[in-house]
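Here is a short tour of a protein model, meant to be read with the viewer open. Please have the sequence and the coordinates at hand.

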Amino acid sequence: MNAIIQFKNAIALIVIAGAIIFIGDIVTAASPEVVSPDVSSPETVITPGRAIVADFNGDLHPDFVLYNHSTRRTAIWYMNNNIHVGGAYGPTIATGSVLEIAEDFNDDNHPDYVLFNPTTRHTLIEYMSGPTVIGSGSGPTLPSGWELVATDDFNLDGFADYVLYYASTHQTVIWYLHNNLHIGSASGPTLPTGWKLVGVEDFNDDNHPDYLLFNPVTHQTQIWYMSGPTHFASASGPTLPIAWELVGTADFNNSGHPDYLLYNPVTRQTAIWYLHNNVFISSAAGPTLPVGWSLIAQ
């Protein structure tokens, strides 16, 4: 079967039988399988949501957290830019809880797991050292109707804060935390209908985390520049191809600018789009996930 290579906006698209099967610059590299997740689980297509990406091995490169929906086990794939270089199994998520986010809450330079119980609405922070749980602390309980969608330090006190979202009104709220304790709140911007908050990173290098929005219907992206909880400006980001979802943001190539993490839930392929502020610069293929595993834990 012939493959057609198309180029659009400096992006390589390999098309077979009319379907895009690869997006990005063509790269080749070995991906050592230090962790070989159990692939015996039946294959299911997980609706894209938000990926969990953080630097677990302290090499200044963000890593992938994989989740097995059948076994509830997590695995951490260590990344060097777009290349999978190793891994380790992480903790198994307790029944009734959902893994939401990984962030350093106790200021020990190790990202921690944030779990949410949809029944009780409690949050729990599992303190990690690399892939290992070394303790836990109860986080704040979320009000009915609100969900935890992101974390970052919005008030610049050195501690990560919660970003909450209310789906029926599209409102966001910032809950200021000191480690696991809720110490204050501020109203954030209301999102437009049809858009979702994918992640929070500082795109314009002003030391304030910004909102990254994605429209799953049009595949458009927007960056909302923030000063604390206040939205003061916006810029359009690149539009994604059909079949690919924007699931996260992090600085994968250590350029000082956050990048886009793309995921195809049907093929389980990943791709990284390198950005300078809101401008697409280039792209690279990321690793393909094993059957039964997903970047999306929710």
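The report below goes through strands, a salt bridge and some backbone angles.

The model is predicted: local features need pLDDT of at least 70, side-chain atom pairs count only at pLDDT 80 or more, and totals for chains, interfaces and linings use all residues. Residues are numbered from 1 along each chain as its sequence is written, and side-chain values use heavy atoms, with hydrogens and water left out.

Let us begin with a sheet. Four strands form an open sheet in the order β20-β21-β22-β23, and their pairing is antiparallel. The edges belong to β20 (245–250) and β23 (279–285); each has a single partner strand, so one side of each lacks a neighbour in the sheet. On average, neighbouring strands here are turned by 30 degrees against each other, direction ignored. For that angle, axes are lines fitted to C-alpha atoms, and angles run from 0 to 180 degrees between N-to-C directions. Strands themselves are DSSP runs (E, at least two residues), numbered from the N terminus, and two of them pair if DSSP finds at least two bridges between them. Within the sheet, β21 (residues 259–264) and β22 (residues 269–276) pair over five bridges in the antiparallel sense, with Y260 opposite W273 in β22.

Another antiparallel pair is made by β6 (residues 73–80) and β7, joined over seven bridges. M79 has H84 in β7 as its bridge partner. Seven of the ten residues of β7 (residues 83–92) are buried (under 20% relative accessible area, 1.4 Å probe, protein chains only), so the rest of the structure largely encloses this strand.

Now to the side chains. The structure holds one salt bridge, defined as a side-chain nitrogen of Lys or Arg within 4 Å of a carboxyl oxygen of Asp or Glu. R50 and E147 form it, at 3.9 Å from N to O. This pair links distant parts of the chain, 97 residues apart: R50 lies in the loop between β3 (19–23) and β4 (53–54), and E147 in strand β12 (residues 146–152). R50 is buried, at 15% relative accessible area, whereas E147 is partly exposed (between 20% and 50%), at 30%.

Finally, the backbone. Most residues other than glycine have a negative phi. The table lists residues with a positive phi.

| Residue | Phi | Place |
|---|---|---|
| N81 | near 65 degrees | hairpin of β6 and β7, two residues between the strands |
| N179 | about 60 degrees | loop between β14 (171–178) and β15 (181–187) |
| N207 | about 70 degrees | loop between β16 (196–201) and β17 (210–214) |

N207 is also exposed (over 50%), with a relative accessible area of 57%.
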